[in-house]
Amino acid sequence: MKFKRWAAGIAALLLILSMGLISCAKPAGGTPEDNPVPQEEEEEEEIVSYKFGFSCISMENPYYETLEASIREAIEESGSTLISRDPKGDSTAQIQQIRDMIADGIQAIFLCPVDWEKIAPALTELKEADIEIINLDTQVQDREEVDAYVGSDNINAGVICGEKLIEAAPDGGQVVILECTTQNSIIDRINGFEETIAGKGFEVVERSETGGKKDEAKTQMARILKEQDHITAVMCGNDQIALGSLEAIEEAGRSEMMIYSVDGSPKLKQELAKDGSLVVGIAAQSPINIGKSAVTVALQIMNGERYEKETLEEVLFIDRSNVGMYGVDGWQ
């Protein structure tokens, strides 16, 4: 009996030991800690979309047509949308169109004012609606009202034209200025030009307001030609003014003068490229580059990033010697 009890005790002890070994062994499949942790998928970055507005002076000017196209391409590539309105040179229409865009829910606007003073009420309404303002090309009078400005170095554009005139006519001469006093960009160009030729033997014999328009420039130039027997040079605030003045000069059969302008439109470059053309030089800007820079600044503003308050794109001088380099079929 004692032996049986002893044998049973030994068997029970062996059973307990074997169960302990089994419990200490790792499962065939390993513990949860041993299993590979699935890699979490990276979340795709969410694209933020904004609604922008665009208002210029007049889409009849190919400069603004190209500027709008450049902005639209960059805006749509970013996943945002652009609403464009054309006031056709009417400051009252521009203000109303801006009000309509505010009602449409724009969050920021690319703005080139028809009249740098009369645009003030629209600026106030835009700020009250908490809409960011990216001022383009020609500045508003109260620059504190806008969030950023992007445009050409207009003063330098005038300086370049003045320097080239001095080279072409070192003894000085009679100058006609065709301007637009409602557009700050043209005011800067004319100021840069006049400051450069001051004291160099030139006399401004006539200056005339054109509104920046081709037809009015032609009318004013035709009148001036009847009053001035000799003109050395005509300084034009933009290419539309230059084209109008050129038509008037050609129709009058005059050929003694040189025409300078600021823009670099395909149409005026085509005139410049002609042998014997009265158009001798253009301080050229790039609406394509201005548009791209404007969108970069606008998106930085909307995304709460640091941005430049003022961005000035460089201008370059195009004459008959290098016009082929830049081409006459498009903007540089």
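Biologist: Which strands does helix 7 lie across?
Modeller: In this predicted model, helix 7 (residues 214-227) lies across strand 6 (173-179), strand 7 and strand 8 (233-236).

Biologist: And at what angle to strand 7 does helix 7 run?
Modeller: About 135 degrees.

Biologist: What about helix 9, which strands does that one touch?
Modeller: Helix 9 (residues 266-273) packs on the sheet and touches strand 9 (258-263), strand 10 and strand 12. Its direction makes about 145 degrees with that of strand 10.

Biologist: OK, the sheet. What's the strand order?
Modeller: It's an open sheet of six strands, ordered 7-6-8-9-10-12, with mixed pairing. Strand 7 (202-209) and strand 12 (316-318) are the edge strands, each pairing on one side only. On average, neighbouring strands are turned by 20 degrees against each other, ignoring direction.

Biologist: How many bridges join strand 10 to strand 12?
Modeller: Three, and strand 10 (residues 279-284) runs antiparallel to strand 12. Look for I282, which stands opposite I318 in strand 12.

Biologist: Switching topic: how do helix 2 and helix 10 pack?
Modeller: Helix 2 (residues 62-77) and helix 10 (residues 287-302) pack at about 40 degrees, with axes 8 Å apart. That angle makes helix 2 oblique to helix 10.

Biologist: Is their crossing left-handed or right-handed?
Modeller: Right-handed.

Biologist: Which residues make the contact?
Modeller: From helix 2 you have Y63, T66, L67, S70, I71, A74 and I75. Helix 10 brings P287, I288, I290, G291, K292 and V295.

Biologist: How do those divide into nonpolar, polar and charged?
Modeller: Nine are nonpolar, three polar and one charged.

Note on methods:
Residues numbered from 1 in each chain as written. Predicted model: local features only at pLDDT ≥ 70, side-chain atom pairs only at ≥ 80, totals over all residues. Heavy atoms only, no water. Axes fitted to C-alpha atoms, helices over the stretch in contact; angles between N-to-C directions. Helix = DSSP H or I, 4+ residues; strand = E, 2+ residues; numbered from the N terminus. Parallel < 35°, antiparallel > 145°, perpendicular 65-115°, else oblique. Left-handed = near helix turned anticlockwise from the far one by under 90°. Contact = heavy atoms within 4.5 Å. Nonpolar A, V, L, I, M, F, W, Y, C, P; charged D, E, K, R; others polar. Pairing = 2+ DSSP bridges.
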